[in-house]
Amino acid sequence: MRTLPPYATTGERIWFYTFRVICFAIFFFLLAPILIMIPLSFNAQPFFTFTREMLTLNPDGWSLRWYQDLFGSDSWMRSIRNSFLIGIAATILATTLGTLAALGLSRSQMPFKGLIMGILISPMIVPLIISAAGMFFFFSSINIAQTFTGVILAHTALGVPFVVITVTATLVGFDHSLTRAAANLGASPTRTFFKITMPLILPGVISGALFAFITSFDEIVIVLFVAGVEQRTIPREMWSGIREQISPTILAVASILVLVSIALLTTVELLRRRSERMRGLSPG
Amino acid sequence: MAQADAGGIPTASEHEPRRKLVTADGTPLKRALQRAERRRVLAAFGLVAPLLIFLLTVFIFPIGQMMWRSVDNPQVVNALPNTLQALRGWDGQDVPGEAVFAALHADYMADQDRPRREQAMGPLGIRLNYELSAARGAISRTGRNVDTFEAPFREAFLDAHRLWGDPALWRVIQREGRPLTAAYYVAALDREYDADGNIVQRDENRRIYVSLYGRTLALSLGITFLTFLLGFPIAYYMSILPMRQANLLMICVLLPFWTSLLVRTTAWIVLLQQQGVINTLLVSVGIIGDDGRLSLIYNMTGTIIAMTHILLPFMVLPLYSVMRTIPPSYMRAAKSLGATPTTAFRRVYFPQTLPGIGAGAVLVFIISIGYYITPALVGGQSGRMISNEIARHMQQSLNWGLAAALGTMLLVGVLILYWAYNKLVGADTLKLG
Amino acid sequence: MFDVRDDAGFVRFDRVQKSYDGVSLVVKDLNLDIARGEFMTMLGPSGSGKTTCLMMLAGFETATSGDILLGGKPINNIPPHKRGIGMVFQNYALFPHMTVGENLAFPLEVRGMGKSEREAKVKRALDMVQMGAFAGRRPAQLSGGQQQRIALSRALVFEPELVLMDEPLGALDKNLRERMQYEIKHIHENLGVTVVYVTHDQTEALTMSDKVAVFDDGRIQQLAPPDVLYEEPENAFVAGFIGENNTLRGRVTRIDGDICTVRLDDGGAEVQALRVNVEGEGARTTLSLRPERVRIAAPEEEVDNAFDAKVAELIYLGDHIRVRVKVAGNDEFIVKVPNSAKGRRVSVGDALRLGWATQDCRALDPS
Amino acid sequence: MFDVRDDAGFVRFDRVQKSYDGVSLVVKDLNLDIARGEFMTMLGPSGSGKTTCLMMLAGFETATSGDILLGGKPINNIPPHKRGIGMVFQNYALFPHMTVGENLAFPLEVRGMGKSEREAKVKRALDMVQMGAFAGRRPAQLSGGQQQRIALSRALVFEPELVLMDEPLGALDKNLRERMQYEIKHIHENLGVTVVYVTHDQTEALTMSDKVAVFDDGRIQQLAPPDVLYEEPENAFVAGFIGENNTLRGRVTRIDGDICTVRLDDGGAEVQALRVNVEGEGARTTLSLRPERVRIAAPEEEVDNAFDAKVAELIYLGDHIRVRVKVAGNDEFIVKVPNSAKGRRVSVGDALRLGWATQDCRALDPS
Amino acid sequence: AEDPVRLTIVSWGGAYTASQVRAYHEPWMEMNPHVTIINDDGSANALASLRAQSQAGNVTWDLVDMLPSDAQLACDEGIILQIDHDAMLAAAPDGTPASEDFLPGSLGECFIPQIVYSTIISFNTEMFPEDAMPQSIADFFDTEGFPGRRAIQDRPAANLEWALYADGVAIEDIYDVLATPEGVDRAFAKLDTIKDELVFWTEGAQAPQLLADQEVAFATGYNGRIFDASEVEGQPFEIIWDGQIVEWDGWVVPADGPNVDAVMEYLYFATDTQRLADQAKFISYGPARASSAPLVSTHADLGIDMIPHMPTNPDNYFSPIVLDNDFWTDYGDELRERFANWMLQ
Ligand SMILES: Nc1ncnc2c1ncn2[C@@H]1O[C@H](COP(=O)(O)OP(=O)(O)OP(=O)(O)O)[C@@H](O)[C@H]1O
Ligand SMILES: Nc1ncnc2c1ncn2[C@@H]1O[C@H](COP(=O)(O)OP(=O)(O)OP(=O)(O)O)[C@@H](O)[C@H]1O
Ligand SMILES: NCCCCNCCCN
Ligand SMILES: [Mg+2]
Ligand SMILES: [Mg+2]
């Protein structure tokens with residue numbers, strides 16, 4: 001299917017190209033909303049439509065108004081800070097706890113594996129509204145609703161399944177004779193972990209951590225229930241933007257975040273290629 | 001792997017049936033083994049314990065606590081201890097006698113003596129109003145001048161509010177005068193109690209939840225199917241490309257995944273609304289007239305399009321990771337055996353992608369069945385889902401018991417599904433790329 | 001299926017070249033005839049292009065230039081599923097979601113064969129490999145050897161005239177491997193199908209094949225029956241690749257008909273050797289000599305070449321003893337001494353007199 | 001590290017048992033002494049518990065009962081990283097994210113050795129395996145054989161007194177494998193360390209070891225030097241597992257000192273055999289006879305037993321030909337004919353007269 | 001100097017909070033440098049949060065802006081403070097006590113109104129020919145005379161009242177009719193006539209958004225939001241004042257809040273005659289005190305006269321429907337279910 005063989009029939013040839021057209025249409029569907037958002041963030045009007053001026057490329061229809069608005073707004077700046085603070089804290093917690101747990105789960109001696117795995121990935125399975133409601137009541141009752149602690153703990157819980165799943169998957173392919181070799185060569189378990197296991201499962205840990213981070217970074221339901229005004233995150237600020245006050249500032253934020261994502265994803269891909277080269281695997 | 005011939009080679013246990021059970025020094029083998037392995041078990045458990053404890057506290061317990069609210073029913077018991085006592089033995093048909101009203105008065109007076117924060121009549125009114133319209137008005141308006149009532153109280157109460165003369169209110173008080181209730185589940189299933197205490201269907205124009213569950217289910221299934229329809233070709237396409245190119249395309253999948261849900265939803269509003277990009281494009285190309293603009297948003301169509309877009313990566317990632325691991329030799333083998341490319345695909349390739357389809361479908365289905373934000377923004381009315389209703393009861397109508405009952409039912413449904421999936425396919429096939 | 005009877009060139013590769021990347025040729029100039037009913041093995045080191053040739057024949061890769069003919073007809077434009085060639089893959093490629101019976105029925109089903117006929121054929125094919133009782137199992141429930149048999153019978157069940165096998169025994173352990181070699185060979189003899197077999201195990205190639213094509217570097221280095229290959233290798237690569245081999249390097253000083261005289265690089269001794277592949281007097285050459293053709297302390301008149309040697313090491317191998325000796329400046333010279341002889345045993349440090357016949361020492365291309 | 005000098009029992013397994021699941025024993029009753037400096041090989045079929053024994057010795061598995069002693073001291077409660085035992089893993093277990101030099105420095109680093117000393121030792125260890133130039137490479141940039149050498153020198157660099165190797169050559173191809181066997185053996189001889197070596201390849205066990213323990217079913221079947229094992233197997237399992245072996249089954253009719261007479265099940269012929277492991281007259285027995293001890297057409301007076309046989313198949317193996325014959329009702333009887341003899345060749349269908357010495361035919365337990 | 005105080009004040013966000021900040025918070029913080037006011041826009045879900053905070057014994061809010069119906073609920077539950085109006089609130093400049101100065105019926109047991117706002121129907125003028133602009137609620141229900149889609153809020157309040165009003169029920173009879181099953185059926189039947197054209201909105205900002213995007217021709221909405229969009233942002237919106245639904249909006253003080261005394265001081269200031277009049281400089285809601293009305297002047301930024309934009313301006317206040325909170329307290333649950341069911345059909 002990668003190239004057309006010489007014996008392909010006419011039908012096969014047509015399908016070969018149709019299939020590619022279909023695929024690119026689907027990729028376009030995936031990207032369209034993102035592509036549309038960036039020009040719109042330069043709208044001079046406070047609404048989410050292309051104005052006539054924009055379409056006729058009249059410079060008056062375009063402006064940096066929403067970018068100025070963003071960088072001039074205390075609440076936006078605070079929400080950006082909060083998002084990173086909460087996201088990073090939750091990611092560190094989720095990654096630490098999740099990686100440890102995945103290590104334990106991957107040991108053959110671990111009892112009740114199925115049950116425990118079920119509990120560990122439950123935050124991914126339970127509908128968000130239910131998690132949010134439960135945490136709302138519970139956090140209120142222990143005085144951590146509307147605190148950073150509360151939001152961070154909640155987001156940690158949501159991020160944990162991703163770390164557990166990716167690290168467990170990485171450990172499936174992990175060669176346990178390496179840790180044995182390290183022990184055999186005289187390294188204590190701690191040393192073995194930091195010098196051998198950790199560097200080798202790092203790709204899995206990082207990808208789990210990225211998932212955990214993005215989960216927190218994009219999370220709104222829990223924030224709506226659990227966070228107070230001091231803990232407003234970017235999505236929460238956007239939520240106000242969409243529902244409570246009309247402002248394409250969110251498009252400006254989103255455009256910036258998309259650029260950051262592209263940079264991040266590209267970096268990850270480059271890192272992956274580098275690590276493959278390092279391990280001598282041919283870059284495929 | 002099971003040894004092939006079941007009958008042939010005698011197994012070791014047939015040779016030495018007795019010695020299997022004890023070690024050389026006579027300790028039972030199982031116990032000796034446990035002793036030898038205990039330290040490792042503890043070490044493994046020690047690694048899992050911090051997270052387990054964390055989740056049990058921060059996640060599992062709160063959800064249990066929330067589910068408890070769906071049966072917790074303290075309001076009537078707290079507010080009307082004497083009345084409930086007096087109501088024992090009431091036949092449930094006529095308005096109760098003076099004894100009950102005297103008890104009611106006593107309960108009111110006792111309540112007014114309590115500090116304001118502990119007064120129970122307010123919550124009682126709210127609770128009773130869930131079961132019977134205007135009950136809260138009856139409780140609170142009566143409360144404003146109950147201290148002026150003189151015995152006999154029956155007449156005074158009947159004057160204060162018409163509902164005191166309605167046996168329906170008394171039946172509700174009697175029925176809900178227990179610390180646990182099924183009433184929220186009854187309501188969540190669009191049922192109610194009739195005059196004889198039987199559970200019957202609600203009046204047709206007050207039924208909401210069952211059909212909403214049905215619609216949520218249908219919508220989730222539809223979205224799952226659509227993500228499969230769109231996800232399968234591109235996952236397959238990426239899986240046959242060399243790594244480098246596949247990873248570039250993967251960025252196209254991950255980029256929307258990484259872009260805020262709210263932003264993507266907004267972008268769909270921009271694209272789909274009547275004056276939006278798509279309609280405008282269609283009009284300018286001449287496919288539709290200016291007055292025939294399509295309604296693509298604020299209805300079910302909008303919900304489906306936006307959610308399909310948002311959830312598509314959850315289908316693509318597991319599919320892709322499964323497809324990558326299917327060696328090309330299977331398709332080749334099928335062709336060498338005489339199968340046309342179509343037959344080979346259908347009979348040999350496709351069945352092997354089933355674990356990926358299963359993982360993706362379960363992820364997408366579970367996420368979409370609990371979806372809340374996108375339907376709230378672009379769903380209009382026909383695109384709303386059960387979670388929106390739960391959120392409304394959580395935050396607006398403040399009927400937390402009903403929200404908990406609706407949520408519990410949703411959760412149980414999801415857990416059953418997950419359990420079935422785990423049985424059939426195995427949860428460890430869940431992969432995230 | 002292929003009516004043109006051309007038994008000698010049933011399969012023919014005609015000046016076939018193949019490049020994957022448009023830069024380098026993986027198959028360089030392949031000309032090969034395989035007769036109907038023959039068991040033909042492609043043997044060669046990893047990366048020498050064996051699988052590529054098989055894939056071109058099966059239709060999964062296209063030749064960059066040249067023709068492949070089957071029964072006299074070019075097959076470049078026939079898609080794989082219409083070639084009717086059976087194939088056993090290295091990892092078996094049994095369909096994991098089908099039972100053994102379904103796997104075997106698959107080729108019959110896609111040919112539109114009726115159910116009862118299908119079942120009869122499947123049963124016969126399974127019985128042929130003694131797996132009749134396993135029709136209901138899934139591939140994952142079988143051991144490696146059992147999977148191998150199923151793969152074999154699946155490739156045969158639709159009665160192709162040509163069967164390709166790509167290192168079918170590569171994943172099996174030694175005992176099982178030997179048993180399977182035996183079985184494949186017997187099936188080939190009973191059914192009379194043409195087999196193209198790929199392996200990089202020389203023992204396997206020697207024991208099973210009618211003819212062996214030794215591949216290296218995208219070319220056939222020698223194409224011959226096993227005994228010819230072993231006893232009369234045409235170049236140093238083949239001599240070194242097949243069987244154990246003592247190598248002596250030197251320069252040809254004189255050529256005398258079939259016989260040439262070679263002065264060895266180490267020590268300068270002169271050796272008489274059979275002239276096989278030397279350019280002429282003064283050319284460099286590699287002498288090849290099988291360890292078992294070297295005789296210890298044979299009467300001088302019985303051997304053409306005789307040298308003094310010193311035993312460096314003895315390696316006990318049960319049925320024989322490998323004796324490593326230092327001779328003519330070469331201390332990797334191996335002599336095999338059978339363990340059956342009751343006679344005297346050699347020990348490390350012993351001085352020996354070794355000899356061999358000129359016929360057994362072949363002067364080949366320099367390597 | 002272990003000061004108690006107890007050279008005979010440097011490593012001792014004392015009534016060791018092991019179960020993974022609490023239901024069945026994988027190691028049943030292991031008693032084994034390994035002397036200091038010995039090269040001891042554990043040989044046995046897959047699943048016989050070899051790796052398990054090694055893992056218990058290295059500390060990665062705990063014995064379910066019994067004691068393991070090193071230098072006279074029980075080590076059950078010493079964690080693996082304090083045992084100071086070197087180990088070469090089957091897949092080498094080189095750390096992929098470290099260079100070769102870092103891999104070798106690792107054990108020295110965790111022992112807190114200074115940088116300059118470390119470097120000197122690493123260099124020496126690499127030179128020992130002729131890999132001095134590769135210190136800067138990563139494992140993935142090395143070939144299998146090179147990785148193997150690195151694994152070996154990493155296990156030796158911290159100068160352990162005991163080195164364990166679990167099928168270290170399992171993944172290598174035949175030529176490389178033989179070269180590495182050679183190198184390991186030489187390093188052992190030069191350094192004088194104690195080696196416990198695991199393999200399921202009998203040739204490897206025979207060529208390398210001072211002593212071989214043949215494992216089967218969780219027990220040691222025979223513990224002996226290689227030549228004793230091959231030439232004097234104590235039971236049918238060992239005879240069948242080591243080397244090629246002809247098996248004849250029958251019943252003992254008479255015992256006469258060391259010699260017994262056996263009536264064969266097929267055909268009823270009587271054979272004289274060496275009494276090794278038979279219970280008494282009337283008992284069933286398995287006769288074991290090496291193919292290379294069978295002589296074709298030897299003068300009657302030179303052999304004790306002589307039979308008529310018919311050639312069923314010839315298998316060409318380069319240096320010898322395996323001849324499968326039908327003799328005394330057994331048609332899996334193998335005779336090896338060296339390929340060096342210029343003399344006459346046999347062909348399928350030939351009638352032969354076979355003979356062997358009573359001493360070469362061992363009467364063992366029934367199997 | 002006094003100890004620093006942080007007051008968390010919860011309101012509706014957007015232009016409305018902005019008007020409170022400029023009219024009340026900024027002057028107060030200027031006069032009391034030790035006070036910092038933090039704005040939370042959680043009013044939409046305030047009752048839920050307040051109840052949860054109160055049940056947890058951890059009240060973090062100092063002052064909350066809510067609707068009177070929610071305030072009544074919270075008051076019944078005892079989670080907000082009862083207010084002694086004359087003791088806690090400033091008298092009018094002419095000395096009229098607070099309980100008499102606030103518009104009749106607006107003060108609650110626990111509730112101090114600031115504004116009277118109205119829910120109105122507005123339309124995008126670009127979507128109608130200039131000579132045929134809609135004028136009345138009846139026009140809103142006339143899909144033939146005034147084609148185009150209509151956005152209404154996804155709750156029964158206001159919509160049912162308008163349906164009966166458009167169906168010919170006199171304004172003073174609306175709630176009596178709605179209390180009968182026949183009346184409810186009648187209201188829904190009327191709504192059915194425009195159902196095919198309906199789009200539903202949830203939050204206040206969506207209505208002007210839908211109008212601006214020309215997603216709909218009409219939208220119900222809060223008059224302040226529509227004012228902001230049309231006057232400040234220049235959108236071509238016009239308001240139909242016929243049948244405007246009038247309601248109060250005001251403050252409640254959570255019981256056990258962290259700074260009850262400081263809040264009371266603030267409240268005394270923020271609800272006096274001048275402050276309420278000042279708020280109207282920033283948003284077109286009418287002040288809840290009679291004594292403030294004459295002080296309403298021009299918009300602070302645009303300089304336009306605010307009087308014509310006030311819902312209470314007699315030119316606009318010709319057929320108001322005053323929202324009956326008692327009615328909605330008693331029948332709300334049932335009617336919401338009926339409405340939800342109707343939307344789903
Ligand atoms: N699909 C491909 N794309 C690019 N190069 C390829 C491809 N398949 C094989 N090659 C290259 O072609 C050469 C020959 O490969 P081939 O698989 O035919 O060797 P082989 O003789 O079968 O080796 P082995 O014994 O290892 O299976 C190798 O150098 C290999 O790297
Ligand atoms: N971790 C384990 N858990 C349970 N059973 C095991 C485990 N490891 C090995 N076994 C079982 O113990 C038996 C002996 O295994 P062991 O690995 O010691 O065999 P081996 O002799 O090394 O075989 P091989 O030559 O295949 O490596 C086998 O039946 C195996 O299935
Ligand atoms: N859901 C009730 C909305 C109340 C609106 N309050 C008025 C302020 C809006 N700016
Ligand atoms: Mg190959
Ligand atoms: Mg092993």
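This report walks through a predicted model of several protein chains, from how the chains meet down to single side-chain pairs.

## How the chains meet

Let's start with the assembly. There are 8 pairs of chains that touch, and the pair with the most contacts is A and B. Chain E stays apart from two of its companions: chain C and chain E do not touch, with their nearest C-alpha atoms 44 Å apart, and chain D and chain E do not touch either, with their nearest C-alpha atoms 50 Å apart.

Chain E does share a salt-bridge network with chain A, however. The network links A:Arg232, A:Arg236 and A:Glu237 with E:Asp41.

## The fold of chain E

Chain E is built from 14 helices and 10 strands. Its C-alpha trace spans about 65 × 45 × 35 Å along the principal axes. For 345 residues, a compact globule would have a radius of gyration near 20 Å, and the 20 Å of chain E agrees with that.

Of the 345 residues in chain E, 64% are buried. Counting contacts between residues at least 6 apart in sequence, 74% of those in chain E join residues at least 24 apart. The chain exposes about 12200 Å², of which carbon and sulfur atoms supply 48%.

## A helix in chain D

Helix α5 of chain D covers residues 174–191, 18 residues in total. From first C-alpha to last it reaches 26 Å, close to the 26 Å expected at 1.5 Å a residue. Just after this helix, D:Gly192 takes a positive phi of about 70°.

Which residues of α5(D) are buried? They are D:Leu176, D:Arg177, D:Met180, D:Gln181, D:Glu183, D:Ile184, D:Lys185, D:Ile187 and D:His188. In an α-helix there are 3.6 residues a turn, so residues three or four places apart point the same way. The cover over the buried residues of α5(D) includes the helices α3 (115–128), α4 (144–156) and α6 (202–208) of chain D, along with the strands β3 (39–43), β7 (162–166) and β8 (194–199).

## A nonpolar patch on chain A

On the surface of chain A, the residues A:Phe84, A:Ile88 and A:Ile92 make a nonpolar patch of about 270 Å². A:Ile92 sits in helix α4 (residues 74–105) of chain A. This isoleucine counts as exposed because its relative accessibility is 52%, where the cut-off for exposed is over 50%.

## Salt bridges within chains

Over all chains, the structure holds 72 salt bridges. One of them joins D:Arg284 to D:Asp265, with the closest N and O atoms 2.7 Å apart. D:Arg284 belongs to strand β14 (residues 284–289) and D:Asp265 to the loop between β12 (259–264) and β13 (270–275), so the bridge ties together parts of chain D that are 19 residues apart in sequence. Both ends are partly exposed: D:Arg284 has a relative accessible area of 33%, and D:Asp265 has 43%.

Elsewhere in chain D, D:Glu313 and D:Arg324 form a salt bridge at 3.0 Å, N to O. It ties together strand β16 (residues 305–316), which holds D:Glu313, and strand β17 (residues 320–327), which holds D:Arg324; the two parts are 11 residues apart in sequence. Both of these residues, D:Glu313 and D:Arg324, are buried.

In chain E, the side chains of E:Arg22 and E:Asp301 meet in a salt bridge of 3.1 Å, N to O. E:Arg22 lies in helix α1 (residues 14–31) and E:Asp301 in the loop between β9 (286–287) and β10 (321–322), so this pair ties together parts of chain E that are 279 residues apart in sequence. E:Arg22 is partly exposed, with a relative accessible area of 37%.

Notes:
Residues numbered from 1 in each chain as written. Chains lettered and ligands numbered in written order. Predicted model: local features only at pLDDT ≥ 70, side-chain atom pairs only at ≥ 80, totals over all residues. Heavy atoms only, no water. Helix = DSSP H or I, 4+ residues; strand = E, 2+ residues; numbered from the N terminus. Expected span 1.5 Å × (residues − 1). Buried < 20%, exposed > 50% of the residue type's maximum accessible area, 1.4 Å probe, protein only. Contact = heavy atoms within 4.5 Å. Patch = residues over 30% accessible without salt bridge, like charges linked within 9 Å, V, L, I, M, F, W, Y side chains within 5 Å. Areas by Shrake-Rupley, 256 points an atom, 1.4 Å probe, with all protein chains shown as cover. Salt bridge = Lys/Arg side-chain N within 4 Å of Asp/Glu carboxyl O. Rg over C-alpha atoms; globule rule 2.2 N^0.38 Å.
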